[in-house]
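Subject: Handover of a structure, with notes

Dear colleague,

I am passing the structure below on to you, and I would be grateful if you could read the notes beside it.

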Amino acid sequence: MAKAPVTLRDGRGQAVVLPWLDALFERLVEARFAQTLAHALLLSGPAGVGKDALAHALADAWLCEAEGVQASERPCGRCRGCGLTAVGNHPDLHRLVPAEGKATISVDQIRELSAELALKPHAGGSRVALITPAEGMTVSAQNSLLKTLEEPPSGAVLVLITHQLDALAPTIRSRCQQLSVAGPDPAQAQAWLADQGVEPTASAEALQLARQSPLAALQLVEDGFAEQASSLAEALGQIALGRAEPINVAGGWEKLDMQRILAWWQGALHAIAREGLASGAQGAEEGPETATSYRVLAAQGARWVAPSDLFEFADRLAEATLTLRGQANPRLLLEGLLIDWARVTRPARTRRKPT
């Protein structure tokens, strides 16, 4: 019997396979049934690599009730336990997330979970608790969880999921078996996005913005940010060539997600720097006097911006990203950045041929 792959449900309810997690999944399932796995796991790694999907797949395997089935064949997909987890109604599976309208997991939620885990399992096997995002637990909630981590009820397994490991108390981290969950390599990530119907150019750009996390990249594409990014690249090119005013461009960007814009812009600067190193900024060949995509912007930007100005502007962007988390006026912040961009790309306008 073939082992079930790690999957997640997309917006249409279809199962999407995450092949880069299969080896880790298989190892953890076998370790659980060989009784060599700790009672508490802490899955950490970048957002968007599939930690949540992995945790759910593990819960499915551990709650599988099939008799005479090897660990490598779980979940079987046919037993009562698999049927209950498939419809999200298994009484021994507890998923703890922030309550509706809240950003954190409260101490009362942790106490309720601990009480549930102390009861006998409904199905007579394991009880599994998934806590996500673990960094969402308040300090009191983390302290309350310590006793359950130190003295877990028999048969209980807790899986904590986080992409901000440092936000968890050392006492929580030290009581869990820590596992780092990585995403696929760039080629595998691009291939996976292609399987989801994402065009190669869009996937490369989305992966750059999502720091190579494939699920986060797919979300960006589904949110339509790829089309927005093309417009952003073109607008930056128009400013560089003196064909658009920074103030007017800022007005058009005002309603967009500023954090995403700044993250994309930082990625674009890195691409410009790489392009400049690869081709030599001064020796780069002349290209089309526009930038209709991230890739073209990177190539053109290497001609437009001097390396010293590029690094100075990168610092300016990083500073703006931090400022945006406070009480900054996004419109004024954006106007200032675009005016700075016009300044550092001034050489592009001096080279522009008369039309």
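The notes that follow begin with the chain as a whole and then turn to the cysteines and to two individual residues.

Please keep in mind throughout that this is a predicted model, and that the values quoted here are computed from it.

The chain as a whole. The protein chain contains 16 helices and seven strands, and of its 355 residues 45% count as buried. Its exposed surface comes to about 17,500 Å², with carbon and sulfur atoms supplying 51% of that area. When one takes the contacts between residues at least 6 apart in sequence, 71% of them join residues at least 24 apart.

Cysteines. A search of the whole structure returned zero disulfides, and two of the cysteines deserve a closer description in that respect. For C64, the closest cysteine sulfur belongs to C76 and lies 3.7 Å from its own, which is too far for a bond, because a disulfide requires the two sulfur atoms to be within 2.5 Å. C82 is likewise in no disulfide, the nearest cysteine sulfur being that of C79, 3.5 Å away. As for their surroundings, C64 has a relative accessibility of 7% and so counts as buried, and C82, with a relative accessibility of 7%, also counts as buried; the cut-off behind both statements is a relative accessible area under 20%.

T162. This residue belongs to strand β6, which covers residues 156–162, and T162 is buried, because its relative accessible area is 1%. The side chain of T162 is joined to the side chain of E135 by a polar contact of 2.5 Å, a distance you may wish to look at in the model. If the neighbours within four places in sequence are set aside, T162 is in contact with L42, L43, S44, G45, K51, A134, E135 and L168, so that E135 appears both in this list and in the polar contact just described.

G252. On which helix does G252 sit? G252 is found in helix α11, made up of residues 246–253, and with a relative accessible area of 58% G252 is exposed, since the threshold for that class is over 50%. G252 and A235 are 17 residues apart in sequence, while their C-alpha atoms are 9.7 Å apart in space.

With kind regards

Terms used. Residues are numbered from 1 along each chain as its sequence is written. This is a predicted model: local features need pLDDT of at least 70, side-chain atom pairs count only at pLDDT 80 or more; totals for chains, interfaces and linings use all residues. Side-chain values use heavy atoms; hydrogens and water are left out. Helices (H or I, at least four residues) and strands (E, at least two) are DSSP runs, numbered from the N terminus. Buried means under 20% relative accessible area, exposed over 50%, partly exposed in between (1.4 Å probe, protein chains only). A polar contact is a pair of N or O atoms within 3.5 Å; within protein, one must be able to donate a hydrogen and the other to accept it, and residues adjacent in sequence count only if both atoms are side-chain atoms. Contact means heavy atoms within 4.5 Å. Accessible areas come from the Shrake-Rupley method with a 1.4 Å probe; for residues, only the protein chains shown count as cover.
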